[in-house]
Amino acid sequence: MQTLCIDILQCLDTSVSGMSQDFIKKEPLDSLASPVRYKAILAIEHLSKLKPSLTLEDNRELLDQCFKSLFPLPPLEKTKEEGETAKDALHIQSLYVGSVEALGKLMKTLLEEEPTADWFQEMFETQETFNQFGSVIGLIAPYSCDSLATSRQWVVDCISCLLCIQGQSMNLGSAVEELRCLREALTAPDPEALFQTSSKMARVISEYFPTEQATDFIHSTLDVMLSPSPTCATAAGLWMKIILEECGDAMLDQVPDIMNKIYSCMPTIQEGSLKQFLVEAVCSLAHHHVEAVISSLLTKRLPMDSYTTELWRSLGGDPLLATQVLQVLKDKIKTPTSQEGRITSETEIDRDLAAAEPLSATCAIFEVVSALQSSKAVQELLPELFPVLLQQISRTLGQEMPLPRISSRGEYRKHLQHTKDKPCRLSIQALEAVLSRAGNERLGRALREQRTWSLLENPKTHHEGVCLLVSVLLRAELITPEILQSLLPWVNSPTENLRVTSTAFLAQLMSDPMLREKKFLKSVLSILEERSQDRNSIVRQMAVRGLGNLVYGAPEKVKKHKKFLLDILIGALHDIFSSEVIGESMKALAKVLKELKEKDIGSSFKDLTQQIRTYFDDEDDALRSMAFVLFGILAQLTKRKWKTYFADQVKQSWVTLLLHLQDPNPEVSVECRATFHLCFPFLGLKRLQRAINEHLGGTAELKPEELQVDICRHLAKENAELLEKLYQTTITYFYSSWEEIRAVAANLAGIILEHTDRQRMEWLDLEHLLMSLQVLQKDPSPTVQLVATEIISDICSGRVIGE
């Protein structure tokens with residue numbers, strides 16, 4: 001025992017004697033003001049009090065205290081946190097080396113020379129080896145690459161002793177002998193040779209490593225990676241890497257703690273090769289427990305910091321992990337959130353906040369895909385990734401970033417001030433990255449040039465963005481039946497955004513032959529029929545668009561489904577809540593009617609014609625324009641069965657058409673001109689037809705006033721009854737809400753008066769006309785005032801209505 005104590009004190013002599021008395025006495029031993037300094041001093045005190053003249057039994061209490069204080073000793077970065085001086089920190093660090101040598105001698109002697117010291121072995125097992133084997137190994141093993149050869153060899157002795165105690169109930173086989181051989185190899189001065197030897201030691205230990213202590217081991221090795229000794233820091237990284245590789249399978253329960261420790265060290269371990277150990281450690285864990293690693297990373301706050309980003313990209317850069325990681329992330333997004341489909345007093349408050357985990361998984365997909373070494377994984381997973389990411393875009397549409405974890409709403413608002421990220425934009429970035437890797441540059445360029453992404457992100461234009469997206473992907477042949485199958489359930493989702501997205505998707509898909517070829521057409525038609533009655537107007541609009549697109553996807557099926565199509569589309573013309581639905585229905589009818597003949601329309605003809613006419617004077621330019629287009633199509637369709645009926649509709653509408661030749665919107669005027677030309681023959685005015693053809697049949701610029709003069713002159717001579725109807729209808733437009741139409745109507749009334757005589761206008765109530773014109777003289781529009789004043793002047797001077 002005397003020799004043993006002398007050896008132990010000699011091992012500590014360098015470390016202890018280097019410390020100034022001022023350092024040791026700076027704090028009383030019972031002071032807690034500096035825990036780091038206190039632990040260091042306490043360890044020295046206990047080790048220096050061993051009494052060589054006493055037996056092991058007599059030294060039992062001191063040895064017990066020695067072990068309790070010796071491990072775990074304070075790591076170097078902790079000494080810095082506590083404000084130790086650089087000199088003091090180095091003294092404390094040197095204590096590690098001396099302690100390792102002292103512990104090695106102590107354990108070697110006790111185990112080899114005094115095997116009857118059962119109390120010591122029991123004390124070590126209960127206090128150290130069983131609960132702290134991982135910590136102790138993680139702490140001392142890296143010093144197998146210390147600059148001092150004697151320290152390196154004492155580390156082996158110490159580890160051998162620990163292994164004997166840890167593995168006393170196991171068959172250690174040749175493990176101890178292997179370590180003894182490696183002890184000799186640690187005399188080599190070459191650092192690379194030392195790293196190889198130390199790595200071999202790690203592999204020997206890994207066979208007997210208590211995996212339930214993995215977290216303690218990782219904590220210790222990460223602490224040593226902050227060592228001022230670059231070789232010891234590197235060795236710590238090697239030991240961590242090897243133990244995780246060899247024993248990782250049994251560490252599932254400890255993954256969150258290990259991941260958190262690694263993540264917390266990333267800001268402080270910045271040296272390139274050491275930082276790589278951290279990245280490799282995460283990848284190694286992921287090879288064993290990919291879902292646990294992903295779950296841990298998904299708990300990090302959004303927007304991602306550079307360390308989280310680096311770890312995700314490391315997973316994407318590992319070819320063996322990439323596909324598996326993407327699959328797990330896909331499932332994290334796919335699982336519906338607890339809020340979806342439920343609107344209660346609790347959830348209504350947070351409906352404008354994106355669900356945290358699906359959004360984190362979406363951002364992770366972006367990072368993983370960006371780091372992929374090849375596009376194969378994305379191409380293979382596209383049928384699964386595309387619908388999931390489109391679903392996430394739909395879900396996050398219009399939402400704000402989720403609340404930071406363990407945070408108040410006040411802190412959340414403060415957090416919002418520091419980020420411009422929007423959940424939908426982040427979701428779109430992920431989909432854009434996936435499509436870029438799965439497709440080619442031309443695909444990406446087409447999506448950008450058509451502003452697809454900005455349309456998708458805006459709740460008001462999202463449906464148009466979906467249609468553009470599908471259109472581009474169809475041309476690239478990236479839409480598969482599997483993708484379609486994934487989207488079909490969304491049409492019945494309680495979430496309106498998902499119904500909008502899926503119905504828009506199907507609407508555009510209807511223009512492609514794939515539905516017919518893959519035998520999806522019947523089921524999709526049924527879905528669109530149901531969605532045409534949806535409570536959401538955009539869903540109804542997209543359903544109607546889809547039915548119209550049947551003309552492109554399966555033109556030969558239009559006649560087969562003619563009644564089905566006409567019933568829904570004509571019904572949509574009566575939508576009192578959405579002009580967009582009406583306009584979409586008109587566009588769809590224009591496509592469908594061009595594929596049909598008069599006999600195909602059947603009894604729907606009357607309702608269709610009458611409903612179209614109601615939009616001739618609509619304030620919505622688009623509705624007026626499409627109404628004129630549709631009326632012109634009906635004029636072309638009408639041959640026999642409905643000729644008389646349609647002629648009567650034309651007689652009731654032709655004045656409106658005549659006035660809208662000067663529609664306030666030039667584009668509407670063009671459409672009205674074409675329809676007027678198509679409809680005029682139904683009036684039976686054959687002599688006037690030539691003049692109409694001259695005015696409207698050519699490509700010359702339209703001169704509506706000249707046409708009006710020719711018509712009035714002709715009617716005054718040959719059809720006073722029709723002229724009367726023209727006049728009576730014109731007068732009603734004096735009260736139109738559009739000043740341009742009021743001016744046109746007043747002007748036309750003047751033309752009628754100018755080209756007829758009193759004898760042929762017995763039906764004219766001149767007094768009422770003058771009163772109406774006098775009202776127009778007070779019109780807000782100067783143009784209307786001027787026209788009214790001129791007509792009154794002409795009437796009073798006798799230049800019109802010859803006496």
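Me: In which handedness does α43 pass α44?
Reply: Bear in mind that this is a predicted model. For handedness, you look at which way the near helix is turned from the far one. Here α43 passes α44 in a left-handed crossing.

Me: At roughly what angle do the axes of α43 and α44 cross, and how close do they come?
Reply: The angle is taken between N-to-C directions, on a scale from 0 to 180 degrees. For helix α43 (residues 766-776) and helix α44 (residues 782-797), the axes cross at roughly 150° and come within 8 Å.

Me: Which residues make that contact between α43 and α44?
Reply: From α43 you have Leu-766, Leu-769, Leu-770, Leu-773, Gln-774 and Leu-776, and from α44 Val-784, Gln-785, Ala-788, Ile-791, Ile-792 and Ile-795. Sorted by character, this contact has 10 nonpolar residues, two polar and no charged.

Me: And how do α19 and α22 cross?
Reply: Read that pair with the angle and the distance again. Helix α19 (residues 356-370) and helix α22 (residues 423-438) have axes that cross at roughly 30° and come within 9 Å. Their crossing is left-handed. On the α19 side the contact includes Leu-359, Ile-365 and Phe-366, while α22 brings residues including Leu-426, Ala-430 and Arg-437. The tally for this contact is 10 nonpolar, four polar and one charged.

Me: Zooming out, how many helices and strands are in the chain?
Reply: You'll find 44 helices and zero strands.

Me: What share of the chain's residues count as buried?
Reply: Buried means under 20% relative accessible area. By that cut-off, 55% of the 803 residues count as buried. As for the surface, the chain exposes about 35,700 Å², with carbon and sulfur atoms supplying 50% of it.

Key: Residues numbered from 1 in each chain as written. Predicted model: local features only at pLDDT ≥ 70, side-chain atom pairs only at ≥ 80, totals over all residues. Heavy atoms only, no water. Helix = DSSP H or I, 4+ residues; strand = E, 2+ residues; numbered from the N terminus. Contact = heavy atoms within 4.5 Å. Nonpolar A, V, L, I, M, F, W, Y, C, P; charged D, E, K, R; others polar. Buried < 20%, exposed > 50% of the residue type's maximum accessible area, 1.4 Å probe, protein only. Areas by Shrake-Rupley, 256 points an atom, 1.4 Å probe, with all protein chains shown as cover.
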